[in-house]
Amino acid sequence: MVQENTKEQHWLDFSALSPLCSKVMSAPNLLRVETTENIFVECQDCTGGDIKVQINVMNHSTKTETLDSTSVTLTSANNYQMFGQVKITGAKFKKDPNEKQYVYLQAQFDDRLLEKVVLVSFQSGYIFIQTDKTLYTPNSKGKSQMPLKWDDTYFSPQTPDGIVLQVDPVSLKSGIHSGHYQLPETVSPGLWKVVARFQSDPQQSYSADFEVKEYVLPSFEVKLKPQDSYFYVDSNDLTVEIKATYLFGKEVDGTAYVVFGVVQEGQKKSFPSSLQRVPVQRGEGEAILKSEHITQVFPDIQELIGSSIFVSVSVLTESGKRPGPLLAPLQLSVAALMQLSNMNR
């Protein structure tokens with residue numbers, strides 16, 4: 001997720017013609033304070049001896065102070081073209097982003113002076129921050145990438161309350177830096193940030209947002225459907241269909257734990273041998289009550305005529321891993337009632 005960037009940097013070309021050759025100075029369209037900038041000078045179609053070029057950065061608008069200077073020598077060996085480097089300090093300027101400030105950039109050749117007014121910037125470069133995800137859980141590890149240019153940088157995760165967890169310095173003049181940060185097991189949920197700053201300009205910050213929240217298992221519902229509303233005394237078994245579906249529509253995969261029993265005078269009494277573990281695949285499973293499950297507790301099944309049979313089902317989802325600790329399975333219990341009947345089918 002890209003958050004911040006600066007305007008693209010362009011170059012300005014200044015040239016002057018002489019009867020035999022052309023003198024050229026090429027420079028960025030703005031000079032960044034506390035940053036080394038390359039100034040290109042060239043003498044086109046020049047021949048003969050070496051040419052010394054003095055490059056100066058002068059204060060605006062009086063030109064009474066040299067803010068930085070360097071010199072290069074153009075020779076036939078370097079095709080009469082070369083880069084000089086200048087660096088201006090921020091002490092001579094006001095750190096007001098709303099006020100435009102300028103300098104004079106000069107290239108003094110042997111017979112000609114090239115000069116241009118150039119804008120000054122306090123922005124040391126640009127930073128793009130991208131996180132590998134937009135949502136993290138506590139105790140998970142995050143990753144961010146930052147293409148960097150022109151200056152040393154440090155970055156840090158920041159909580160929704162503005163608390164900085166750690167500060168990692170990055171020394172990279174150009175390229176992409178990948179950083180990792182480990183979230184604690186107990187953290188404040190909400191909108192976090194990865195914040196990056198240039199060491200030369202810590203007041204200017206760049207950030208990428210990401211969210212931290214506890215993982216909440218999705219809710220699902222379980223429906224039971226007996227194949228018959230009655231268990232007849234001459235029946236061998238009774239099948240109950242189990243259907244488990246997440247509320248967003250996807251079928252549940254997991255395991256159902258089932259037990260049958262009877263309700264007499266408001267009291268439930270289970271049939272221990274009916275306890276069974278039923279696989280639930282693609283949201284469906286089947287539990288079976290057999291007549292021997294009943295007769296092991298009530299040898300005379302006739303005495304249960306008119307009573308209600310209940311079935312209790314607990315569905316457990318398959319365990320899964322998400323970023324962070326192992327998640328506990330989700331469980332849901334339901335029950336259904338059926339009647340015992342002495343009717344023969």
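## A walk through the sheet, the salt bridges and the cysteines

Strand 24 has two faces: Gly-285, Ala-287 and Leu-289 sit on the covered one, while Glu-284, Glu-286, Ile-288 and Lys-290 make up the uncovered one. Keep in mind while you look around that this is a predicted model.

### The sheet around strand 24

Where does strand 24 belong? It is part of an open sheet of three strands, in the order 18-20-24, with antiparallel pairing. Strand 18 (220–226) and strand 24 (284–290) are the edge strands; each has a single partner strand, so one side of each is left without a neighbour in the sheet. On average, neighbouring strands here are turned by 20° against each other, ignoring direction.

Now for the pairings themselves. Strand 18 and strand 20 (residues 237–246) run antiparallel and are joined by seven bridges. Strand 20 and strand 24 are also antiparallel, and seven bridges join them. A handy residue to find is Val-240 in strand 20, which is the bridge partner of Pro-226. Val-240 also stands opposite Ala-287 in strand 24, and Ala-287 belongs to the covered face of that strand.

### Gln-276 and its surroundings

Ala-287 turns up again if you look at Gln-276, a residue of strand 23 (residues 276–280). Leaving out residues up to four places away in sequence, Gln-276 touches Ala-256, Tyr-257, Val-258, Phe-260, Ala-287 and Ile-288.

What does the side chain of Gln-276 reach at 3.0 Å? That would be the backbone oxygen of Ile-288. A polar atom of the Gln-276 side chain also lies 2.8 Å from the backbone oxygen of Ser-274.

### A hairpin

Next up are strand 21 (residues 254–264) and strand 22 (residues 267–270), which run antiparallel with four bridges between them. One of the pairs to look for is Val-263 with its bridge partner Lys-268 in strand 22. The two strands, 21 and 22, form a hairpin with two residues between them, and Glu-265 in the turn has a positive phi of about 50°.

### Salt bridges

Side chains of opposite charge can pair when their charged atoms come close. The count for this model is seven salt bridges. Here are some of them, with the N to O distances.

| Pair | Closest N to O |
|---|---|
| Lys-23 and Asp-111 | 2.6 Å |
| Glu-115 and Lys-63 | 3.1 Å |
| Lys-223 and Glu-221 | 4.0 Å |

Take the salt bridge of Lys-23 with Asp-111. It links distant parts of the chain: Lys-23 is in strand 2 (residues 22–28), Asp-111 is in the loop between strand 8 (102–108) and strand 9 (113–121), and the two are 88 residues apart. Is Lys-23 buried or exposed? It has a relative accessible area of 2%, so Lys-23 is buried. Asp-111, on the other hand, is partly exposed at 48%.

Then there is the salt bridge between the side chains of Glu-115 and Lys-63. Glu-115 lies in strand 9 and Lys-63 in the loop between strand 5 (51–59) and strand 6 (66–74), so this pair ties together parts that are 52 residues apart in sequence. Glu-115 is partly exposed, with a relative accessible area of 32%, and Lys-63 is partly exposed as well, at 34%.

As for Lys-223 and its salt bridge partner Glu-221, Glu-221 counts as partly exposed, with 38% relative accessibility. Finally, salt bridges with shared partners join Lys-23, Asp-110 and Asp-111 into one network.

### The cysteines

How many disulfides does a search of the whole structure find? The search turns up one. The disulfide joins Cys-43 to Cys-46, with an S to S distance of 1.5 Å. Cys-43 is buried, at 3% relative accessibility, and Cys-46 is buried too, with a relative accessible area of 12%.

Why is Cys-21 not bonded to Cys-46? The sulfur of Cys-21 is 3.3 Å from the sulfur of Cys-46, its closest cysteine sulfur, and a disulfide needs the two within 2.5 Å, so this pair is too far apart for a bond. Cys-21 is buried, with a relative accessibility of 14%.

How values were computed. Residues numbered from 1 in each chain as written. Predicted model: local features only at pLDDT ≥ 70, side-chain atom pairs only at ≥ 80, totals over all residues. Heavy atoms only, no water. Polar contact = N/O pair within 3.5 Å; in protein donor to acceptor, adjacent residues only side chain to side chain. Contact = heavy atoms within 4.5 Å. Pairing = 2+ DSSP bridges. Axes fitted to C-alpha atoms, helices over the stretch in contact; angles between N-to-C directions. Buried < 20%, exposed > 50% of the residue type's maximum accessible area, 1.4 Å probe, protein only.
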